[in-house]
Amino acid sequence: MTTLVTGGAGYIGAHVVRALEAVGRETVIVDDLSADRAHSPAGPANRIDLASTDAAEALELLMRERGVTSVVHLAARKSVAESVARPAWYFQQNVGGLSTLLLAMERAAVPTLVFSSSAAVYGEAPLEPITEDAPAEPVNPYGDSKLVGERLVRWAVASGALRAASLRYFNVAGTASADLVDTGTANLIPLALGAIARGERPTVFGDDYPTPDGTCVRDYVHVADLAEAHVAVLDALESGREISPVFNVGTGSGSSVREVIERAAAITGLPIEPLHAPRRAGDPPAVVGDVSLIARELGWHARLGLDDMLRSAWDARPAAD
Ligand code: WQD
């Protein structure tokens, strides 16, 4: 049983590789090595850009050579702001890359796929936890590229050659070990901890939202828990069980920006007085996942909480700097 992990050199992908290997699976990493790191901390990576014209052939060959039996597909562009500026490029990268991967899987007769999707498919979510059957109306090209990806995966399943599920990640944070820490600077937790480490003040974007403390609420999920969800869904797909096509992966409870910063102050032991800035364009007030489906069908639930995410990311900082 060999699992090919696209994007296996990235922050989440490297965690997925480690989780798969921890349960005795062989892994093969494919990555264009463009983001996060110059090499994979999880092992040697095959450098393939899925959106390039010759990628299908290279992938098919690799799948055959290594006896690949399943794929976890994480390789994608993930910046909302960049997707708004370059929509055609985002679809080419994210939808085109997936389409190339599916062609290669078909040719190499690889039957099982886990697709990395995002809570960004929901767009403006209600304040209460959102279920998978809620209308998916993305408000940016990044979220839409993931939704189109989910639909493409469903069509491939309907054609009969594939078993697959899509995982809608909520706000992923923390690290399982220091060498896998998120080196990106796009999200609240790495940004806030980075500011604190430099003796600067973290910024709160908007404090007049219709939420309990006026700041945005998100469902933060530990990357180690998220990685375990991939193992659970792969096991279920390979066992031949019928499972849902899409699962939310979060904790089911939300934390506000103010709460995240307060917990960061408690964990770092540093006095933190955040700066208050205007709302960031396009931020919905609250995005929290209802996670009962994945618990019911796959027996997966998050074990770690916000403090674990903050503490692990903070403790790993010296290794990252
Ligand atoms: C969280 C909250 C900010 C920085 C995006 C994508 C989503 C997923 C994760 C995956 C927001 C606020 C942030 C700061 C702040 N992407 N904030 N000060 O926007 O919920 O989700 O990333 O691939 O699909 O949409 O995550 O971490 O950027 O923001 O106040 O310095 O923190 O306004 O309310 P977001 P985020």
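In strand β12, the residue that serves as bridge partner to V217 is S256, and I should say at once that the model we are looking at is a predicted one. V217 brings us to β9, residues 217-218, which pairs with β12 in the antiparallel sense over two bridges. Those two strands belong to an open sheet of three, ordered β12-β9-β14, in which the pairing is mixed. Because β12 (255-256) and β14 (286-287) each have a single partner strand, they stand at the edges, and one side of each is left without a neighbour in the sheet.

Let me turn now to β1, residues 2-6, where five of the five residues are buried, so that the strand is mostly covered. If you follow the side chains, T2, L4 and T6 point one way from β1 while T3 and V5 point the other way, and all of them are buried. On the pairing, β1 is joined to β2 by five bridges, with the two strands running parallel, and within that pairing T2 stands opposite E26 of β2. Five bridges also join β1 to β4, again in parallel, and there T6 stands opposite H73 in β4. The connection from β1 to β2 passes through helix α1, residues 11-22, and these three elements make a right-handed β-α-β unit.

Next comes helix α2, residues 55-66, which offers a simple check of geometry: at 1.5 Å a residue its 12 residues should span 16 Å, and the end C-alpha atoms are indeed 16 Å apart, which agrees. Which residues of α2 are buried? They are A55, A56, L59, E60, L62 and M63. These cover an arc of only 165° around the axis, which puts them on the same side of α2. The face turned away from that buried side carries the exposed residues E57, L61 and E65. As for what covers the buried residues of α2, the list includes β1, β2 (26-31), β3 (45-47), β4 (68-73) and α4 (87-107). Just after the helix, G67 takes a positive phi of about 65°.

The same geometric check can be made on helix α5, residues 141-158, whose 18 residues should span 26 Å at 1.5 Å a residue, and whose end C-alpha atoms are 25 Å apart, which agrees. Its buried residues are P141, Y142, G143, S145, K146, L147, G149, E150, V153 and A156, and among the elements that cover them are α3 (80-85), α4, β5, β6 (163-169) and β11 (246-249). After α5 comes G160, whose phi is positive, near 100°.

I will finish with two residues that have a positive phi although neither is a glycine, namely L33, at about 55°, and A109, also at about 55°. L33 lies in the loop between β2 and β3, whereas A109 has its place in the loop between α4 and β5 (112-118). Is L33 buried or exposed? With buried meaning under 20% relative accessible area, L33 counts as buried because its relative accessibility is 18%. A109, by contrast, is exposed, with a relative accessible area of 62%, the cut-off for exposed being over 50%.

Definitions and conventions. Residues numbered from 1 in each chain as written. Predicted model: local features only at pLDDT ≥ 70, side-chain atom pairs only at ≥ 80, totals over all residues. Heavy atoms only, no water. Helix = DSSP H or I, 4+ residues; strand = E, 2+ residues; numbered from the N terminus. Expected span 1.5 Å × (residues − 1). Buried < 20%, exposed > 50% of the residue type's maximum accessible area, 1.4 Å probe, protein only. Arc of directions from axis to C-beta. Contact = heavy atoms within 4.5 Å. Pairing = 2+ DSSP bridges. Right-handed = clockwise from strand over helix to strand, strands pointing away.
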